[in-house]
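Here's a quick tour of a two-chain model, with an eye on its internal voids and on how the chains meet. Pull it up in your viewer and follow along.

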Amino acid sequence: MDQQQDVIKDIKKTEYAIEIDHLKKSFDGGKDFVLKGIDLKIPKGSITMVIGFSGTGKSVLMKHILGLMKPTAGEVRVLGKSLSKMTKSELHKFRINLGVMFQYSALFDSFTALGNASFPLLEHRREMSLEEAEKIAGEKLIQSGLDSKHFHKLPSEMSGGMRKRVGLARALALDPQILLYDEPTTGLDPILTEMVDNLIYDTHHSRKGSTSVVISHDLHAAFRIGDHVVMLHEGKVLKQGKPEDFLNSDDPLINKFVSTGVRREE
Amino acid sequence: MASTSAIESIDSFFSAFIKKKLIGPIEAAGKFFIFAQKAIASIFAKPFRGSEIIQHLEFVGNQSIGIILLTGAFTGLALSFQIWIGFSLLGASDLVGPTVALAITREIGPVLTGLVIAARAGGAMAAQLGTMRVSEQIDALEVMGVEPIQYLVGPRVLAAVLATPLLCALFDFIAMAASYMLSVHFLGLDEGVYWERIQLWVDPSYVYEGLIKTAIFGLFFGLFCTFRGFTASGGARGVGEATNRGVVVSMVMVIVLDYFVSNFIRFYYLIT
């Protein structure tokens, strides 16, 4: 019986990277809810695209997955562990399992590309020498597609695409099990958008067993690189499933989102 | 019916007024004290941030030397000249040296150093952290498993506490040197009398008192300006507001704290 339970536990552990139960979030003491009871399971090893119109709570959801916000109600479990039950120091240690590429990269202004990418290594592997950390960071930068001639540039000297690459290299530095991308293509031109989409796809497939979660309103990217798509609307999950499920949906809101996205891509 | 709605509107007006004018500031003060407690505790927490502390000491200390030399020298010159004019009328120009020394070491040196450094370094701290907050750099630190208060705030506060007294000592020295130059070489006071009276009237504890005061000013503006920056929101406007509030409140508090700390020190001397 115990053995059977262990097996069930192991399946549970391995099946989903992120599990969210009845997640609610209010910023004004319960008068108005941004997230109105989200139930979501993000499978391990997949690229999950979280899509939706502006103001549907996508970024708030991501902040809960990262443990930056505490739920008003409900629970978020990442890699089987409940974030709300962790102490602050446990949460800090746990976050080495997560890598994040921010919307505007959030690079440290005073550090070069190499400095930014080696920062997590120097912080978490304090036994590592600067040379070793920079060697690994250099490899991550090249893996992210940044030419070595740009390694010593400051963020203010880089283009938008270069900053995205450095942001990705920094997120990859500690080889996290889950990579989150917050609106990675917002404000980029179509060529850069495609470059970033390819970068996400290639990065995901070069790291076996890793899970990628992309918060986006780019439907084209959702269909192109996503294995699993979750659509949020007014703080709730409207639909989740395979990308093709969205194309064949009868829901008028999904149809509106899909047709707008497709029209834009055409 | 009309009177009920009038009572309701008065009630809602008062509850909004109490919330804004009474509860709001208490809540803000509470948040600041919690932040201050975390920031002070973070200075002693592991890992030790040696390179960050040195980097901020260089910024708060070394890069403020020029402005301290300039303000110190002209404060010494102006004060000596004004005191000399007044005391000459009474035939007490021999007392210019000790009067200037007392004023500089006990009040003017610490207060002006506090004001100048709060404006220069405090403003920069609030602006830097505010920019990091609105551009998600602080979120990025947190997500990378780095405690942002320990990494960003602790070293800045420690640097402010250590560097401000050193800058005050420099201010005292340069102000007295300028006073000596003017009094002895231009106003014709006797050099021996000038130094002898200072030795007679000025106790070294007065200098230490000034240094202790500036360490407290450094602690306050370090904590308050980093708090404003750390909690900034709303883009460039939010950063501007955080910087402005940080600097203005720090400068006012330097003067307010000066009065209370001076009295506290005097009380300490009385009971010991």
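## The largest cavity

Sort the lining of the largest cavity by residue class and you get 11 nonpolar, one polar and two charged residues. Keep in mind that this is a predicted model. The volume of that largest cavity comes out at about 110 Å³. It has 14 lining residues, and those closest to the centre are A:L98, A:G99, A:R170, A:A171 and B:M144.

Which elements give two or more residues to this lining? They are β6 (98–101) and α6 (160–172) from chain A, plus α5 (137–143) from chain B. The top contributor is β6(A), with three residues.

## The second largest cavity

Searching the whole structure turns up four cavities of 30 Å³ or more. The second largest holds about 60 Å³ of space. Its lining includes B:S42, B:I43, B:F48, B:R49, B:Q150 and B:L158.

Two elements of chain B, α1 (2–43) and α6 (148–186), each put two or more residues into that lining. The largest share belongs to α6(B), which gives four. Broken down by class, the lining has seven nonpolar, three polar and one charged residues.

## Where the chains meet

On the contact count, 19 residues of chain B touch 23 residues of chain A. Interface size is often quoted as the accessible area lost when the parts come together. Here about 1700 Å² is buried between chain B and chain A, with carbon and sulfur atoms giving 57% of it. On the chain B side, B:E136, B:V143 and B:M144 supply 36% of the area that chain B buries against chain A, more than any other three residues. B:M144 also turns up among the residues closest to the centre of the largest cavity.

How many salt bridges are there between chain B and chain A? The count is two. B:R49 makes a salt bridge with A:E123, where the closest N and O atoms sit 2.6 Å apart. B:R49 also helps line the second largest cavity.

## A look at A:T185

Over in chain A, A:T185 sits in the loop between β7 (178–182) and α7 (190–206). Is A:T185 buried or exposed? Its relative accessible area is 10%, and A:T185 counts as buried because that is under the 20% cut-off.

What does A:T185 contact, leaving aside its neighbours within four places in sequence? The partners are A:T193, A:V196, A:D197 and A:D218.

Notes
Residues numbered from 1 in each chain as written. Chains lettered and ligands numbered in written order. Predicted model: local features only at pLDDT ≥ 70, side-chain atom pairs only at ≥ 80, totals over all residues. Heavy atoms only, no water. Buried < 20%, exposed > 50% of the residue type's maximum accessible area, 1.4 Å probe, protein only. Contact = heavy atoms within 4.5 Å. 1 Å grid on protein atoms, 1.4 Å probe; cavity = no way out; pocket = protein on both sides within 12 Å on 5 of 7 lines; lining within 4 Å. Points joined across faces, edges and corners; volume = space filled by probe spheres on them. Nonpolar A, V, L, I, M, F, W, Y, C, P; charged D, E, K, R; others polar. Buried area = accessible area lost by both parts, 1.4 Å probe. Salt bridge = Lys/Arg side-chain N within 4 Å of Asp/Glu carboxyl O.
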